[in-house]
Every structure is written in C-alpha cells, then in structure tokens.
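Trainee: I am new to this structure and would be grateful for a close look at a single part of it. Could you take me through the sheet, strand by strand, and then place it in its surroundings?

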Amino acid sequence: PQPIRLSDYRPPAFLVDEVHLDFQLEPNATRVRSRLTLRRNGEHAEPLRLDGVRLKPVSVAIDGRPLAEDAYAITPEDLTIASVPDAFVLETEVEIDPEGNKALEGLYMSGGRFCSQCEAEGFRKITWFPDRPDVLARYTVRIEADQAAFPRLLSNGNLTQSGALAGGRHFAIWTDPFPKPCYLFALVAGELDELADSFVTMSGRQVELRIYVDPGMAQRALYAMDSLKRSMKWDEETFGREYDLDLFMIVAVRDFNFGAMENKGLNVFNSSLLLADPETATDFDYERIEGVVAHEYFHNWTGNRITCRDWFQLCLKEGLTVFRDQSFSGDMRGAVVQRIKDVKALRARQFPEDAGPLAHQVRPSSYLKIDNFYTATIYEKGAEVIRMLKTILGAEMFRKGMDLYFERWDGHATTVEAFIQCFADVSGKDLSAFFAWYEQAGTPKLEVDAAYDAEAKALELTLSQATAPTPGQPDKQPLPLPVALGLLDLDGEVLSFRQEGTLAPATEAVVVLDQARQTLRFEGVASEPAVSVLRGFSAPVRVVSAAPAKHRYVQLAADPDLFNRWEAGQDLARDLILARAAGEPDEVGEERFAEAMGRALNDQAAEPAFKALLLSLPSESDLAVISAPADPAAIREARESLRARLAIHLGDQLRRLHGGLQEAGEFSASAEAAGRRALRNAALELLAADPRAINVDRAVGHFQAAGNMTDAMGGLAALMLMGGEPFEQALTAFYERWKAEPLVIDKWFAVQARSPSEDALGRVLGLTTHPDFDAKNPNRFRALVGTFAAGNPARFHDPSGDGYRFLADQILAVDGFNPMTAARLVEPLGGWRRYRPELGALMRAQLERIVATEGLSKNVFELASRALE
Ligand code: B3K
Ligand code: ZN
C-alpha cells in the first residue's frame with residue numbers, strides 16, 4: 001500500500017456548498033439519497049472524484065438528469081465522473097447495510113439503534129463525498145424510519161421539522177447552519193431516554209441541553225450533564241468561547257471504538273464515559289466523564305468552528321483540546337493532583353510509544369491509515385507542546401494568541417503553522433525554533449549537573465539535552481526546552497538566588513534551554529542547594545540527574561513545588577527498584593525510603609489525593625521503558641518487594657489510615673471525597689503487598705462493606721493482588737451482584753486480566769469463552785485482552801511466549817471485522833527491541849506472523865510492519 005504524504009497536499013478540486021441527505025433507515029438496507037451543490041475550485045479540467053467505500057449504487061444524476069452508465073466509474077473506493085460543469089447539483093442514491101457493519105465506522109447498529117461514526121474517514125461508508133476535512137458545507141438531513149422501533153431521530157444542528165407518515169413511519173429534518181467537514185456529521189435513531197436541562201450563555205442566550213441514554217438510565221447521566229454545564233461556563237470564562245447553536249445533544253452508545261466524538265451539536269459517547277452513579281462507577285470513571293465531556297464540548301471551537309486542513313494537522317485540534325480539558329480538570333479538581341495524573345498517563349502511554357518503532361512526530365508527515373494516528377503522541381504530547389508554549393509566552397500572551405487564532409481562523413480549515421503564527425504575531429517572538437517540537441519525534445533526555453561553590457556562594461548548573469534517533473530521524477536537534485526551577489537548602493528551606501545578569505533575587509525561574517548544553521550561573525545562593533528542576537513537569541522530557549539521594553529526600557519532605565515533591569518520591573523508588581531488579585538491592589536505602597514515606601503520609605497539610613499518588617510507585621511499564629533491556633519479571637519482583645517493605649514497615653500506620661478514612665454518611669463525588677477514597681484504597685493496595693491474615697481480612701471486610709464502586713473495586717483489586725480463595729469468592733459475589741450491568745462486568749473482566757498469579761493467562765483464555773465475553777463489543781474486548789496485554793506486563797511477557805501468541809491470535813480474530821480496534825492492540829508487541837533478547841525474539845515472531853497473514857487490514861499491517869522495521 002502507498003503512504004499518504006503531507007507534502008502531497010493539494011487543495012480540493014471541487015467544493016461543496018450545500019448537502020441534502022435523505023435517510024430511509026432499515027437495519028439491513030438503508031437508502032441514502034444525497035444532493036450536493038458542487039463547484040469547481042479554481043481553473044482546471046479535472047474529473048470529479050468522490051470517496052465512497054463499498055456503497056451499493058442505485059442512481060447518479062447531474063442537474064436533474066440521470067447519468068448514462070458510461071459517464072461515470074465506480075470502484076470499491078470511489079466514484080469518478082469524467083466531465084462535469086463548473087457548478088452543478090449532483091444527486092446520488094446508494095444502499096448500505098448498517099446491521100452488517102461490525103467495524104463500527106460509518107453508519108452501524110448498536111443495541112438496536114442506528115449510530116454513526118465518521119471521523120476520520122467513515123463518511124465515505126455512508127455516501128459519495130469528498131471525504132476530507134477541508135471541504136466545509138452546510139447540511140440539511142432528513143431521516144425517515146419506523147416510528148415504533150426508532151422513536152428518536154437525531155442529527156446535527158437544529159430540528160426544523162418532524163412528523164408522522166403513513167405505514168407507521170415518521171420523519172425529522174435537521175438543519176445545521178454552521179459549515180462543517182463531513183467527519184463531524186452524525187445520525188442517531190432509536191429508543192432513547194432523555195435527560196433535559198439548559199444553560200444560559202454569557203450573552204444571555206438559552207441553550208437546550210439533552211443527553212440521550214438507554215431506557216431507564218437517565219439518572220446516570222446527571223454527572224455528565226453537570227460536567228457539561230461547568231465546561232460551558234469554564235470555556236466562556238477562560239477562553240471567551242460561547243456555544244453557538246440553540247441545542248447541544250449527547251448520546252451514549254454501547255458499541256464504540258474509542259471514547260467519544262465531537263460531532264457538531266450531537267456528541268456521541270461510549271457509554272463508559274457518560275453513565276455514572278456511585279454504585280456502578282468509580283471515582284476514576286467520574287473523573288474521566290468530567291474530562292471527556294469537557295474535551296468533546298471544547299472541540300466545538302477547537303476542532304469544529306476551526307478545523308484541520310488535512311489529517312496531518314490532527315494535533316491542531318487534539319493536542320490543543322487535550323490541553324484545554326486538562327486545564328479545566330485542574331481547575332475543577334486541583335492543579336497539582338491533575339498534573340501528576342496527566343504526567344503519569346504521559347509516561348505510561350506516550351513515553352513507550354516515543355521510545356519504540358512506532359515513534360512519530362506530533363505532526364506526522366506520512367501515514368497509511370489515519371486511524372492509527374489517534375495516538376498518545378498526537379494527543380498527550382500535543383497537549384504538552386501547547387503547555388510549553390504557554391509557559392514560554394506567559395498566560396496573558398498565550399490568551400492573546402488564542403484570541404487571535406479564534407478571530408483569524410473561525411470558519412476555516414487550517415494548519416499547525418497558522419496556529420503558531422498567531423502566537424508569533426501577538427508576541428513579536430520568532431517561534432520557528434519552537435516548531436521543532438511538532439516535527440521531531442522522541443523523548444529528549446535532560447541531564448542536570450549542579451556544582452556549588454560555597455565560597456563564592458554560586459551555583460553552576462549545567463543542563464544538556466539529547467534525543468535518541470527514532471525511525472526515519474537519525475539526527476536530532478536541540479529543542480527550546482522550558483525548565484522551571486528553584487532551590488532548597490538541605491533543611492528544606494527555600495533559597496533565593498540571582499540568575500547571572502539579573503539583579504533582583506528570586507526563588508523561582510524559568511530558563512529556556514535552546515542548545516545541546518548550557519551552563520547557568522546562580523549567585524547569592526546561601527548554602528548548598530537541592531535543585532528542584534523541571535517544576536510542574538515544564539517539558540515532556542526524561543530528567544537524568546546526578547544529585548545525591550539526600551537532595552531527593554529534602555525535596556520529598558519540603559519541595560514547595562508539589563509536583564516535584566511527588567517526583568522526588570518516584571525517583572527514589574525507581575532507583576531502588578531498578579537496583580534490586582539488577583541484583584544489587586540497597587536495603588539501607590529501602591528502609592530510609594520507607595521512613596520518609598511514613599513522614600510524608602503524616603504530613604497534615606498535604607491533601608489525601610496527593611498522598612494517594614505518593615503511595616503509588618512508578619508502574620512496571622514505566623520502569624521497563626528506562627531499563628535496557630527490560631526484564632518484566634525481574635521488575636515486577638523488585639517492585640513488589642519494595643511495596644512489601646513499605647507495607648511491613650508502615651503496616652500499623654497504613655491500617656490506621658485505612659480505618660480512619662472510612663466514609664460515613666452520603667456519598668459525594670467531589671474531588672475532596674474522591675481524594676479520601678483514593679488514599680484509603682491506596683493504603684489497602686499497599687497492604688496487599690504483605691498478604692498476612694490481618695491484611696487479607698481487612699481487604700475482605702473492605703470489599704464486603706463497600707458502599708460504592710470505588711471501594712468495591714479497591715477491595716477486589718487488593719484481593720486480586722493477594723490471590724487465593726478470598727479473591728475467588730469476591731469475584732463470584734461481584735459477578736452475581738452485577739451481571740446485568742455491562743459497564744461493571746467490564747471491570748470484572750479487567751481485574752482478572754491484571755492478576756499476577758501464575759495461571760493468569762489460563763484464566764484470561766478461559767474468560768474468552770465466558771458467555772459474557774463478546775469480541776464485537778470494543779469495551780469488553782479491551783477490558784480483557786487490552787488489559788492483559790498492556791496492564792499485566794509480568795504475565796504478558798511470560799518466557800514461554802504464550803502471552804504474545806494469545807495477543808496475536810486476538811488481533812487477527814478481531815481484524816476480520818473491526819480493524820481499528822485490532823490495530824490498537826499492536827502496540828504491546830511493538831517495543832520488542834527494548835526487552836530481553838529471548839523475549840524480543842518471541843515478540844518479533846508474532847509480529848511477523850501477523851504481517852504474513854493474508855487479508856490483513858491496512859490498519860494492522862501498517863503498525864505491525866512499522867514495528868518490525
Ligand atoms: N475526535 C475523536 C476521535 C476520533 C477517532 C477516530 N478514529 C474523539 C476526540 O478526540 O475527541
Ligand atoms: Zn479530541
């Protein structure tokens with residue numbers, strides 16, 4: 001297959017002004033009539049070529065005249081009409097089969113309802129169209145269906161007409177006044193309950209809000225509705241952005257390939273990211289719902305009003321919108337805790353991607369299937385790039401640049417260059433060097449070396465950056481890297497300093513490193529400092545520091561930058577775990593670490609949510625990325641043994657903490673209440689590393705007394721770590737209690753997939769034949785197979801290679817009907833070069849087997865073959 005390249009971009013040959021669609025909905029044979037008002041874009045004599053994948057043609061007409069069969073050509077991918085006027089109306093009719101569509105792209109059925117997913121290139125599975133984001137048109141959509149089976153008929157924009165028809169049918173007509181690319185088109189039809197509310201915008205307009213869910217589930221949409229209203233308010237206050245239609249709708253569906261979709265005025269959500277009540281959703285679910293509702297809503301401006309010129313610009317809307325939703329969540333739930341969670345996610349998903357064969361630019365320059373580029377690099381690293389831009393320019397200038405962007409590009413499809421230009425224009429700064437963050441793949445390594453001269457009271461800080469080669473990019477340039485820093489004395493007091501060339505003493509500075517190596521001099525430093533670098537994780541890099549452990553202990557106890565206080569604990573734990581994994585355990589260091597953690601837990605000023613994060617050690621996959629070659633079994637053992645030491649050393653303290661945080665009274669979903677639950681469950685999780693009877697009993701008691709899903713899952717997860725009969729009993733009880741709730745049963749599958757026990761793969765294999773397992777439902781499939789492959793490294797990387805074979809079998813099975821979901825599971829095999837050679841060879845063998853399979857999708861082929869290069 002031929003890659004698509006950014007450098008080949010050409011403006012569309014034809015533009016579409018108006019789109020009229022008419023859907024006659026039938027599950028197996030839906031008729032789609034389309035009337036497009038087209039015009040030639042510029043002077044040329046090219047034929048009209050429209051995308052359309054496996055559409056069953058019924059008719060084609062231009063300006064009311066049916067075309068002769070030899071006037072056009074249809075392939076499985078497109079419709080070409082050799083000669084067309086400069087401006088004309090094209091009418092086509094096709095038949096499609098939503099019921100047979102298990103790829104969940106285009107128009108498909110989920111739980112007996114019609115539902116669509118068009119981003120990135122699904123619209124071409126519905127009708128013929130120039131399926132590219134730079135063709136913006138106004139849509140009118142008429143939907144007709146059986147009234148009893150499909151009582152609600154929804155599409156984008158405003159409902160302009162509806163009514164009953166003969167034969168038990170009915171119709172609705174929707175008009176969207178805002179020109180949009182076809183990837184934002186949506187249609188939903190079926191039986192749905194409604195949760196209604198409204199919002200008055202900053203200019204005083206009333207917007208109707210509707211959330212549509214499975215019958216009986218409306219109460220579970222209350223939190224999503226509340227999140228939506230807070231998002232609308234926040235975007236007005238923070239970015240001056242007001243909602244533009246009179247109606248905003250969200251629909252929840254069970255079968256969805258990813259999280260949610262920002263279709264104009266009609267967001268479609270995976271039900272796992274919308275439905276919540278205390279009994280069935282964890283605090284993590286609540287948090288995600290709040291963040292994703294905000295994300296999709298924020299797309300209305302960053303994505304919909306201003307969209308991407310081509311799919312290479314995906315980070316223009318995604319990185320920016322993730323940055324916006326992270327900022328929102330930080331304002332809702334506390335900036336530091338949010339930042340730590342975002343950085344943990346970046347390290348868990350983006351750093352491994354950037355360190356392996358699938359590493360790519362934030363703005364890629366070629367692809368086979370754009371679906372494969374909805375990655376942590378585009379989203380999360382894309383958000384980091386925006387955050388750095390804000391750090392470098394300052395909050396005020398950043399806002400000015402955003403304002404200019406909204407003003408200059410509203411109603412257009414544009415590029416990352418045009419976005420950055422807005423910030424260059426408002427600030428007068430040359431941001432051309434900054435652009436390298438979009439074009440250079442790989443995680444830079446930042447080395448920090450401090451030399452203190454006690455006599456001169458001066459600190460020399462040498463910062464060096466280097467990025468290892470990534471596929472297709474052997475030579476890397478230094479990047480403009482904002483480093484926020486401060487100094488502490490060894491008693492933990494803040495030290496002031498004067499940066500060379502400045503007069504006023506300061507306690508914090510942001511330096512922008514732009515060379516491979518730079519030495520900074522700080523004067524007036526009263527005593528030997530612990531240097532707190534990269535505060536708030538001011539750049540997405542890996543810090544390597546020669547600072548002694550005692551400096552990290554100072555930071556863990558007293559760094560006023562709470563991110564770095566947390567980070568100091570992570571650094572200490574990482575070094576101890578890696579030393580033990582390498583066969584050189586530092587027992588004294590481990591005791592010292594346990595002591596320090598005990599003190600940190602006693603800190604009355606620290607928030608419970610923060611302490612919960614402090615208690616969770618760097619993840620096994622994080623540790624695997626930095627150890628070369630990685631030995632997942634050794635990492636797990638070393639990590640567990642440090643956890644066991646903490647559990648034993650801090651046992652009484654942890655049990656007291658666990659007991660003391662027991663909830664009384666009404667459930668609250670607030671960040672504070674969730675923080676207390678998080679700390680209580682983190683204490684229990686740590687105690688699970690020491691499976692003596694009092695801890696097992698405590699976990700059993702916790703599970704049995706749980707009054708909400710967070711605690712139930714916390715108990716179940718702790719029992720899972722300890723294994724044995726109590727876990728089996730809890731599993732059975734949990735299943736019996738929740739078997740009618742698909743979202744809860746997903747959790748039941750996932751917790752088993754994370755089991756550390758020897759027979760974990762056997763259990764997972766057994767579960768693939770469980771009556772509730774359904775590979776056609778992406779949530780269920782990912783809960784079992786995805787969790788095992790990505791969330792259970794020690795068992796997935798079993799020396800037998802059986803874990804790898806299992807994953808490859810699953811990828812190939814699902815690829816037969818849902819390539820997008822299959823391709824997302826290739827990543828765990830992709831890092832084969834970083835593992836012990838025996839493991840790497842076995843992983844590689846499975847990738848080879850996948851690539852050699854006949855009839856493989858382009859999606860899986862692209863990722864598996866790139867992983868082998
Ligand atoms: N824009 C969608 C993602 C679409 C994925 C298509 N394969 C959701 C989001 O990022 O908001
Ligand atoms: Zn998005």
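Mentor: What follows describes the sheet first and then turns to some other parts of the model.

Please keep in mind that this is a predicted model. The sheet is an open one made of 8 strands, and their order across it is β6-β5-β9-β3-β2-β12-β15-β14. The pairing within the sheet is mixed. In general, the strands of a sheet pair through backbone hydrogen bonds, in either a parallel or an antiparallel manner.

Let us begin at the edges. These places are held by β6 (65–66) and β14 (158–164). Each of them has a single partner strand, so one side of each is left without a neighbour in the sheet.

Moving inward, consider strand β9, which covers residues 87–96. On one hand, β9 pairs with strand β5 (residues 56–62) in the antiparallel sense, over 6 bridges. A point of reference in this pairing is Pro-57, which stands opposite Val-94 in β9. On the other hand, β9 pairs with strand β3 (residues 30–40), again in the antiparallel sense, over 10 bridges. Here Leu-38 can serve as the landmark, since Phe-88 in β9 stands opposite Leu-38.

Further along the order of strands come β12 and β15. Strand β12 (residues 137–146) and strand β15 (residues 169–180) run antiparallel and are joined by 9 bridges. Within this pair, Asp-146 of one strand faces Arg-169 of β15, the two standing opposite each other.

A database record may help with orientation. UniProt, in an unreviewed entry, lists residues 61–184 as "domain: Aminopeptidase N-like N-terminal". That span is 52% strand and 0% helix, and its end C-alpha atoms lie 26 Å apart.

Beyond the sheet, there is the shell around ligand 1. Among the residues around ligand 1 are Glu-119, Ala-120, His-295, Glu-296, His-299 and Glu-318. The elements giving two or more residues to this shell are β20 (260–261) and α2 (283–298). By class, the shell comprises 5 nonpolar, 2 polar and 5 charged residues.

A helix completes the tour. Helix α12 (residues 608–615) is mostly covered, with 8 of its 8 residues buried. These buried residues include Pro-608, Phe-610, Lys-611 and Leu-615. The elements that cover them include α4 (335–354), α10 (562–581), α11 (587–602) and α16 (671–687).

Key
Residues are numbered from 1 along each chain as its sequence is written. Chains are lettered from A and ligands numbered from 1 in the order in which they are written. This is a predicted model: local features need pLDDT of at least 70, side-chain atom pairs count only at pLDDT 80 or more; totals for chains, interfaces and linings use all residues. Two strands pair if DSSP finds at least two bridges between them. Helices (H or I, at least four residues) and strands (E, at least two) are DSSP runs, numbered from the N terminus. A residue is near a molecule or strand if its C-beta atom, placed from the backbone, lies within 6 Å of it. Ala, Val, Leu, Ile, Met, Phe, Trp, Tyr, Cys and Pro count as nonpolar, Asp, Glu, Lys and Arg as charged, and the others, Gly among them, as polar. UniProt positions are given in the numbering used here, feature names are shortened, and annotations may be inferred rather than shown by experiment. A residue is buried if 20 or more other C-beta atoms lie within 10 Å of its own, exposed if 12 or fewer, and partly exposed in between; C-beta atoms are placed from the backbone. Two residues are in contact if their C-beta atoms, placed from the backbone, lie within 7 Å.
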